[in-house]
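Thanks for sharing this one. Here are some notes to read alongside the coordinates, arranged as short numbered points.

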Amino acid sequence: MEKLAEEIQRTGKAETRTLLLNVGPSHPAMHGVIRIVVELDGETVTGADAEIGYLHRGFEKMCEVGPYNNAIPYTDRLNYVSPLINNVGYCMAVEKLLGIETTERCDYIRVIMSEISRITDHLTCIGASAMELGAFTVFLYMIKAREFLWELVEAVTGARLTISYSRVGGVKADLPEGFKEKVAPTFKEVRSILKEVDKLLTRNRIFVDRMKGVGVISKEDAVSYGITGPFLRATGVDYDVRRSQPYLVYDQFDFDIPIAEGGDNLDRYLVRMEEMEQSMRIVEQAFSKIPGGAVMVDERGNEIPADFMVDEAKMGRTAGFKQKTVRMDPTLEGTSGDRHPLINAPEKKIVLPPKEDTYGNIEGLMDHFKLVMVGHGIRPPKGEAYQAVEGANGELGFYVVSNGSDRPYRVRVRPPCFPIMNALPALLIGGMMADIVPTFGSVNMIAGELDR
Amino acid sequence: MGTVDITKLDFFTTKLDAAIGWARKFSIFQYPFVTACCGMEYMATACSHYDVDRFGAGLPRFSPRQADVLFVVGTISHKIAPVLKQVYDQMTEPKWVVAFGVCTCTGGFYDNYATVMGIDTIIPVDVYIPGCPPRPENVLDGLIKLQVKIEKGEKQTKLFVHPKPS
Amino acid sequence: MMISEILKNRFPKIVIATHQYRGDDTVILKKEGLFEMARALKEDPELDFNFLMDLTCVDYLKFDQVPASAPTTFTPSPLPFYMKPKKDPKGEKWERPEEARTRFEVAYHFYSHSKHHRLRLKVPVEEKGAEVDSLVSLWKGADWFEREVWDMFGIRFKGHPNLKRILMYEPFEGHPLRKDYPVNKRQPLIGPIN
């Protein structure tokens with residue numbers, strides 16, 4: 001210390017060195033395990049490097065082990081805040097490879113559930129990044145809104161988070177009775193919560209000062225890194241897969257793509273808030289246009305409970321089952337035989353038959369056997385296909401290669417937040433230590449998707 | 001007249017133990033070691049709908065020295081296993097470990113080159129909460145079981161050694 | 001005119017084959033011409049591919065393997081004797097061209113924002129001396145994608161600034177996504193192997 005004091009007195013300058021700080025894998029920011037090593041000169045960041053791979057779970061290798069439908073639970077856990085979008089993306093890639101078309105009602109159902117998932121993703125992102133800046137109330141409000149949406153998801157799929165809803169050729173079950181009446185008050189609640197959060201954050205002096213001008217990325221840089229999604233739309237490029245290359249039935253809806261100019265954290269927050277409103281608009285339009293609707297059940301004979309049918313069928317007493325309608329358990333709502341052709345593609349070599357047919361007649365049993373038993377199953381022809389869907393973070397692409405057998409040969413996920421994390425060190429350099437947290441929060445890195 | 005014999009003061013020490021156990025179980029400072037999807041259910045349990053604050057466990061401490069319960073939430077891969085061990089070693093006694101989610105209990109359905117098949121091969125675990133992810137009601141059930149364990153002041157389980165595959 | 005046809009006419013020496021299976025434009029080319037073609041894709045105003053969406057690799061080691069006749073839960077199975085192979089619903093056929101039957105194939109997916117078209121490039125790579133030119137100088141996003149291909153498959157990229165493992169840890173031996181690496185061969189840093 002004395003030598004330093006002497007040196008300063010003598011020359012008026014002192015030699016400093018930078019500090020290497022490790023924002024370690026286990027850290028308070030809510031977004032997942034990642035290690036950011038920053039080189040600090042006082043409070044300014046002069047160098048940064050991100051290390052990922054702490055949640056690498058071998059998704060691509062596990063998909064090769066089982067048949068095609070077995071990969072669906074693994075896809076759930078990729079981007080675990082919007083799992084329905086991953087399911088739909090994978091199933092669409094396999095259906096493209098098989099060359100089959102899904103029914104229109106199935107497309108509308110997939111759109112509705114994808115948009116609800118997108119809203120939950122943005123809620124989690126904004127809630128978590130607001131909490132890291134100190135706005136704890138906003139986090140609680142967002143999680144409350146997310147719980148309401150998860151109740152909707154649970155009514156349809158049976159689970160809150162890891163839903164495995166989509167199947168190759170269709171979806172698992174139709175929407176339950178009265179789902180449309182449940183959606184309207186839920187959206188009203190979510191809209192009122194979003195309005196409150198807007199009042200709390202958007203013109204809040206502290207929030208704006210911390211987010212404006214921080215983590216700026218230019219248009220050319222974002223395109224060169226391959227960034228897509230809200231991150232890119234906040235820089236001014238209007239690329240949205242739903243608008244540029246419409247898939248499912250997105251070309252029939254009237255919705256806007258919010259774009260901001262600027263490319264800083266505040267713009268990304270505003271883009272995400274506006275996208276939630278647009279998603280709700282899409283869902284409401286979808287409900288007005290969805291074909292099918294509540295199915296009128298014809299009473300062709302007496303109604304029997306489902307477990308009675310199963311028990312009798314297992315003992316071989318199946319006479320007359322084909323003409324009877326089956327009353328399913330309320331937890332299996334939407335899976336009964338008369339809804340089946342509405343939501344599943346009419347391919348008996350790809351889609352499982354309804355349970356009434358499986359237990360009721362021999363053709364149904366044979367179709368079921370040929371899809372489920374080891375040695376049989378969905379066999380796409382040799383080939384490859386790439387299908388891109390709009391995930392909550394950007395373009396989620398699935399590249400599936402098949403060699404004609406019943407297992408996928410190679411499944412590749414193009415993770416939307418991978419290129420964004422590639423660009424993160426460049427965003428951090430030049431800012432301050434305290435800017436790491438809001439920038440990292442607005443990236444919305446989901447470790448399950450980044451590391452697979 | 002002599003000094004008080006401490007070994008004969010059983011009544012006071014049992015009451016004191018009970019008091020300490022009661023105080024400890026209602027003031028759980030957790031270290032949430034969150035990695036994956038179970039983190040979303042952890043967040044849901046900690047927030048308003050399924051409040052965990054009413055059990056006294058509402059304040060996460062983000063430093064191992066200040067925490068007493070280590071919630072291991074989400075899949076542990078081999079890359080982060082040394083970090084988990086280091087965090088566990090840095091915690092001060094008394095400490096408990098909760099394995100949240102089936103990936104931490106036994107490895108889940110990720111039987112591959114990258115996943116640790118159960119964290120009890122690395123650190124001793126007190127309460128296992130299975131589920132993929134477990135519902136918040138399951139988590140609260142696990143938390144109550146942990147509280148019962150804390151209250152009794154039971155020693156932690158030893159490191160579980162998986163039997164060799166035959 | 002399809003983009004793959006335009007590229008075939010412009011680079012006749014490099015392109016091995018093209019196809020449009022299921023609507024995806026694909027060009028299979030030799031690895032020596034990769035950088036030249038990638039630069040043309042980026043800079044030509046007619047093609048204008050400004051996004052490099054994805055960069056990955058496929059290992060064709062077990063592609064033509066006829067599976068064992070006794071199927072188990074974890075291995076692919078042959079077609080049962082009473083089933084005939086299905087006809088393709090769209091009448092398309094996909095085959096690997098003879099000159100491109102190497103072990104690895106690096107696949108690039110491009111997208112053009114102004115013209116709304118996509119393209120896939122596939123570069124066959126031998127097992128010995130598995131090395132490809134790096135595209136980092138053209139698209140900055142190729143950086144981490146190429147590191148991941150090195151980590152998972154073991155293909156080197158010439159000219160990459162920082163080619164080291166990204167998803168696995170440094171002491172890990174082998175390249176996990178290769179077909180000859182077993183699924184559950186663990187190499188733990190701490191703890192037992194089980």
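1. Let me begin inside chain B, where strand 3 and strand 4 (residues 127-129) run parallel and are joined by three bridges. If you want one pair to look at, take B:Val98, whose bridge partner in strand 4 of chain B is B:Val127. Please keep in mind throughout that this is a predicted model.

2. Strand 3 of chain B has a neighbour in strand 2 (residues 69-73) of chain B as well: the two run parallel, with five bridges between them. Here B:Val73 is the residue that stands opposite B:Phe100 of strand 3. The connection is worth tracing too, since strand 2, helix 3 (residues 81-90) and strand 3 of chain B form a β-α-β unit that is right-handed.

3. Is strand 3 of chain B enclosed or open to the outside? All five of its five residues, 96-100, are buried, so the strand is largely enclosed by the rest of the structure. In a regular strand, side chains alternate between the two faces of the sheet. In strand 3 of chain B, B:Trp96, B:Val98 and B:Phe100 point one way, while B:Val97 and B:Ala99 point the other way, and all of them are buried.

4. Stepping back to chain B as a whole, you will find five helices and four strands. Followed along the sequence, they give the pattern α-β-α-β-α-β-α-β-α. Of the 166 residues in chain B, 50% are buried. For contacts in chain B between residues at least 6 apart in sequence, 78% join residues at least 24 apart.

5. Chain A has 19 helices and 10 strands. Along the principal axes, its C-alpha atoms fill a box of roughly 105 × 45 × 35 Å. Buried residues account for 62% of the 452 residues in chain A. Among its contacts between residues at least 6 apart in sequence, 68% link residues at least 24 apart.

6. Now to the contact of chain C with chain A, which takes 66 residues from chain C and 58 residues from chain A. Together these two chains bury about 5,400 Å², with 55% of that area on carbon and sulfur atoms. Polar contacts are counted for 34 residue pairs between chain C and chain A, both residues being at pLDDT 80 or more. On the side of chain C that touches chain A, the elements giving two or more residues are strand 3 (51-59), strand 4 (104-112), strand 5 (117-125) and helix 3 (142-153) of chain C. Which of the elements gives the largest share? That is strand 3 of chain C, with nine residues.

7. Nine salt bridges are counted between chain C and chain A. C:Arg120 makes a salt bridge with A:Glu384, and their closest N and O atoms are 3.0 Å apart.

8. For a single residue at this contact, I would look at A:Asn422, in helix 17 (residues 417-428) of chain A. Leaving aside residues up to four places away in sequence, A:Asn422 touches A:Tyr225 in its own chain and C:Lys140, C:Gly141, C:Asp143 and C:Trp144 across in chain C. With a relative accessible area of 7%, A:Asn422 counts as buried.

9. The contact of chain C with chain B takes 17 residues from chain C and 13 residues from chain B. The buried area here is about 1,300 Å², 64% of it on carbon and sulfur atoms. Three residue pairs are in polar contact between these chains, again with both residues at pLDDT 80 or more. One salt bridge is found across this interface. B:Asp111 and C:Arg186 meet through their side chains in a salt bridge, at 3.1 Å from N to O.

10. Last, a look within chain C at C:Pro97, which lies in the loop between strand 3 and strand 4 of that chain. Is this proline buried or exposed? C:Pro97 is buried because its relative accessible area, 18%, falls under the 20% cut-off. Not counting residues up to four places away in sequence, C:Pro97 touches C:Ala17 and C:Ile28. C:Thr18 is 79 residues from C:Pro97 along the chain, and their C-alpha atoms are separated by 9.5 Å.

Key
Residues numbered from 1 in each chain as written. Chains lettered and ligands numbered in written order. Predicted model: local features only at pLDDT ≥ 70, side-chain atom pairs only at ≥ 80, totals over all residues. Heavy atoms only, no water. Buried < 20%, exposed > 50% of the residue type's maximum accessible area, 1.4 Å probe, protein only. Contact = heavy atoms within 4.5 Å. Pairing = 2+ DSSP bridges. Right-handed = clockwise from strand over helix to strand, strands pointing away. Buried area = accessible area lost by both parts, 1.4 Å probe. Salt bridge = Lys/Arg side-chain N within 4 Å of Asp/Glu carboxyl O. Polar contact = N/O pair within 3.5 Å; in protein donor to acceptor, adjacent residues only side chain to side chain.
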